Amino acid sequence: MRRREVIKAFAAIAAGWPLPAGAQTQLVPLRTSPTQPTALTQAQLDALEAYNKALNQFKSILSERRTQISSHRSLPNLPGQALYLARVNVMSAYKDLTDALPSKIGRNNKFGIPPAYFDAGIEPLVEEYRKLFAIMEAPPASAQNADSLFSDVVDLGIAIARAKGLDATNAEVAGRISLGLFFAETDGKQNVGNARSNTYKGSLQAGPSEDRTGQKKWAAIKKSIKSPGLIARDEREEARVGNLDHRFNHWIAVRDGLANAHADLFLQIPAIVRTLPDPIDQMKLFELIQIIPTPTRAALRSGSFTDYRISEPRIMGYLRNNSIFAFGRVDRAKTSATFGEILDAMWLFNHKFERALFEFNQIRAQQ
C-alpha cells in the first residue's frame, strides 16, 4: 500500500470514522459514500503526520535518557533541555492537529491541560518525563533540607510582608503567593537543581547574582522582623549553612529569593488584590515577576494591568520559553499580548498554583 494511503487510513481511525470490512487485517483507504465524511484534506493529513513524528521523537528521547540513567552513563550538558523541547513539540503538534481536525480533541487529562493541547492517552509518557526530571534535578548530597518546607515558605513570606509594612490580612496574601512561587519554580520540591540551566538552582531557582542581592536585601529587612522565633530560626540556618552555596539550604534560599525579587512588590498587594481578586491570578502575577520583571512592573504602574500590552519579540520569547504562548502555530505566531491574555495563557501553571492553595489552606487550618 502506498504511504499516503496508509496515512489516510490511519487518519480515519484517529478521527473515529468506521473502516471497511477487512480493515482489521489490512489497512485500506476509505471510500466516500453519502453517509461518510469526505476525505481528509492535505493540511489535515500533514498535521496528523507531524503529530505522529513529534510523538515518536518524544518517546525516543524519553527512552534515551532512561537508558543513560539506568546504565549510569554520562548525561549531556543540560540533559533536560531536549526532553523539554520534545514535550513542547508534541503538545504544539497536537494543538495544530486539533486545530485542523477538531474531532481529535479528546477527554480531560490528569494534568489539567486543555484537551485541545494534550492527548490524554500519552499521560504515562508525561509521568515518565516527570520521573526523569526528578532524577536529573535531585538535590546534591550536601543540600540542607527543611522538615517544614511548605510552612517555612509561608512564614518567610508573611514575615517579609509585615516587615515591609503590610497589615496581617495582606501579609497572609503574601504568604500564600510565596508558596505559589515555590510550586511554580520547583513543583514544591526543595533544594532542586535544574536540568535545563547551569545558572538557576535551589528552592526558588535563583542565580548566583540574585542570591547575593537577596542576602543583602534580607540583611536590611531583618532589622524590621518582629518575630523572635523567626529570627532565632534564621540564625540557626545561617550557622548551619556555613560556606555551602546558600541556594541549597531551603530556608535561606527561599528567604533570599523572596527578599531579592518580591519583597518590594509586596507593598502593592492591596492594589493587586483589588485588580486581581482570584488568588491564582495573584500567584500568576508574581510568577511573571520571575519571568518578565520589567514589563510586569510597568503594567502594574500603568493603572490598567490587564489591558497593558507588550510586543517586544525578546519578551514574547521569554514567555514562550516558560510555556506561555508556546504550543501550536497560532499561539506561537502571536507578536503581542495584553497581560490579561498572558494570565489566561498561563494555564500550565494552574495545577501547581491549585496545589499551593490547597497546602496553604491546610497549613492555616492546623494553626
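**The main nonpolar core**

Start with the largest nonpolar core of this predicted model, a set of 66 residues. Select Leu179, Phe286, Leu288, Leu319, Ile324 and Ile342, the residues with the most contacts inside that core. Then select helix α5, residues 149–163, which supplies the largest share of the core with 10 residues.

Next, centre on Ile342. Leaving aside residues up to four places away in sequence, Ile342 touches Leu288, Ile310, Leu319, Ile324, Phe325 and Ala337. Three of those names, Leu288, Leu319 and Ile324, are also in the selection of residues with the most contacts inside the core.

**The second core**

Another core lies apart from the 66-residue core. This other core has 37 residues, and a selection of Ala47, Ala116, Tyr117 and Phe133 shows some of its members.

**Aromatic pairs**

Across the whole structure, a search finds 14 aromatic pairs. Keep Tyr117 selected and add Trp347: the ring centres are 4.7 Å apart and the planes meet at 50°, so this pair is tilted. Which parts of the chain does the pair link? Tyr117 belongs to the loop between α3 (79–100) and α4 (123–136), while Trp347 belongs to the loop between α15 (339–345) and α16 (350–365), 230 residues apart. Are these two residues buried or exposed? Tyr117 has a relative accessible area of 11% and is buried; Trp347, at 12%, counts as buried too.

Move on to Phe266 and Phe286. They form a tilted aromatic pair, with 5.8 Å from centre to centre and 45° between the planes. Phe266 is in the loop between α9 (250–261) and α10 (269–275), and Phe286 is in helix α11 (residues 279–291), so the pair ties together parts 20 residues apart in sequence. Phe266 is buried at 0% relative accessibility, and Phe286 is buried with a relative accessible area of 0%. Phe286 has already appeared among the residues with the most contacts inside the largest core.

For a cluster, select Phe58, Tyr129 and Phe133, which are linked by ring pairs. Phe133 is also one of the residues of the 37-residue core.

**Charges over rings**

Two stops remain. Select Arg196 with Tyr84: the charged end of Arg196 sits over the Tyr84 ring, 3.5 Å from the ring centre. Then select Lys334 with Phe325, where Lys334 lies over the face of Phe325 at 5.5 Å from the ring centre. Phe325 leads back to the start of the tour, as one of the residues touched by Ile342.

Methods. Residues numbered from 1 in each chain as written. Predicted model: local features only at pLDDT ≥ 70, side-chain atom pairs only at ≥ 80, totals over all residues. Heavy atoms only, no water. Core = buried A, V, L, I, M, F, W, Y, C linked by side-chain atoms within 4.5 Å. Buried < 20%, exposed > 50% of the residue type's maximum accessible area, 1.4 Å probe, protein only. Helix = DSSP H or I, 4+ residues; strand = E, 2+ residues; numbered from the N terminus. Contact = heavy atoms within 4.5 Å. Phe/Tyr/Trp six-rings, centres within 6.5 Å; stacked < 30°, edge-to-face > 60°. Lys NZ or Arg CZ within 6 Å of the ring centre and 35° of its normal.
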